[in-house]
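Work through the following exercises with the sequence and the model side by side. Try each task before reading its solution.

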Amino acid sequence: MTKAFATTPVAPGAPNRLTVTISNPNAAQALTGVSLRDNLPAGLFVAQVPNASTTCAGGTVSALASASSAQLAGATVPASGSCTFSFDTVSNTPGLYTNTIPTGALSADQGVSNPDPASAQVRVLQPPTLSKAFVPPTVSRNSETESSG
């Protein structure tokens with residue numbers, strides 16, 4: 001299993017697509033009933049318009065606006081194949097976010113799970129700051145001043 005954000009860094013408040021890819025290395029056996037929950041780190045949320053989707057046959061994605069997680073359920077991953085589920089995320093707080101799906105988070109009807117964690121990082125940029133000052137800071141009546149900044 002792998003995961004990736006579409007863009008990094010990203011501006012605060014800008015939606016950013018997160019895609020999880022589930023691969024099945026078994027040549028003769030599709031994985032059925034695949035389910036998985038992706039818990040987002042604190043400060044990162046499902047976007048107001050989640051745009052949730054999956055390429056996994058029979059799978060449904062639950063990703064509610066402003067939620068702290070998204071879930072894939074009832075999916076089939078073909079033998080020797082892969083499929084994805086995706087949704088948009090957002091954060092208004094600058095910083096580096098690491099989103100990890102832990103070992104054992106995936107379940108399937110065949111009793112198999114993911115042996116390794118899957119992680120992706122996204123950096124939310126610090127917005128610019130503005131300042132303004134009058135020169136000189138104190139002005140007597142009917143005199144001129146200029147602003148800088």
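**Exercise 1. Find how many residues the largest nonpolar core has, and which of them have the most contacts inside it.**

Solution. Begin with the term: a nonpolar core is a set of buried Ala, Val, Leu, Ile, Met, Phe, Trp, Tyr and Cys residues joined through side-chain atoms within 4.5 Å, where buried means under 20% relative accessible area, exposed means over 50%, and partly exposed lies in between (1.4 Å probe, protein chains only). By this rule the largest core has 27 residues, and those with the most contacts inside it are Ile22, Val34, Leu36 and Phe87. Next, look at the elements that give two or more residues to this core, which are the strands E2 (16–23), E3 (31–39), E7 (69–77), E8 (82–90), E9 (95–101) and E10 (118–124); the largest share, four residues, comes from E7. Strands are DSSP runs of at least two residues (E), helices are runs of at least four (H or I), and both are numbered from the N terminus. The model is predicted, with local features needing pLDDT of at least 70 and side-chain atom pairs counting only at pLDDT 80 or more, while totals for chains, interfaces and linings use all residues. Residues are numbered from 1 along each chain as its sequence is written, and side-chain values use heavy atoms, with hydrogens and water left out.

**Exercise 2. Decide which side chains of E2 are buried, and name the strands that pair with E2.**

Solution. Follow E2 residue by residue: Asn16, Leu18, Val20 and Ile22 point to one face and are buried, while Arg17, Thr19, Thr21 and Ser23 point to the other face and are not. Then turn to the neighbours, remembering that two strands pair if DSSP finds at least two bridges between them. Strand E1 (residues 2–5) pairs with E2 in the antiparallel sense over four bridges, and Ala4 has Thr19 of E2 as its bridge partner. Eight bridges join E2 to E8, again in an antiparallel arrangement, and here Ser23 is matched with Ser82 of E8 as its bridge partner.

**Exercise 3. Describe the open sheet that contains E3, giving its strand order.**

Solution. Three strands form this open sheet in the order E3-E7-E6, with antiparallel pairing. E3 and E6 stand at the edges with a single partner strand each, so one side of each is left without a neighbour in the sheet. Between E3 and E7 there are six bridges, and Leu36 stands opposite Leu72 in E7.

**Exercise 4. Locate the disulfide and state whether Cys56 is buried or exposed.**

Solution. A disulfide is a pair of cysteine sulfur atoms within 2.5 Å, and Cys56 and Cys83 meet this rule with their sulfur atoms 2.0 Å apart. The pair links distant parts of the chain, since Cys56 is in the loop between E5 (53–54) and E6 (60–62) and Cys83 is in E8, 27 residues apart. Cys56 is buried, with a relative accessible area of 3%, and Cys83 also counts as buried at 3%.

**Exercise 5. Determine where the cis peptide bond is, and which loop holds Ser80 with its positive phi.**

Solution. As background, most residues other than glycine have a negative phi, and most peptide bonds are trans. The bond from Thr8 to Pro9 is cis, with omega near 5°, and Pro9 lies in the loop between E1 and E2. Ser80, although not a glycine, has a positive phi of about 50°; this residue is found in the loop between E7 and E8, and at 52% relative accessibility Ser80 counts as exposed.
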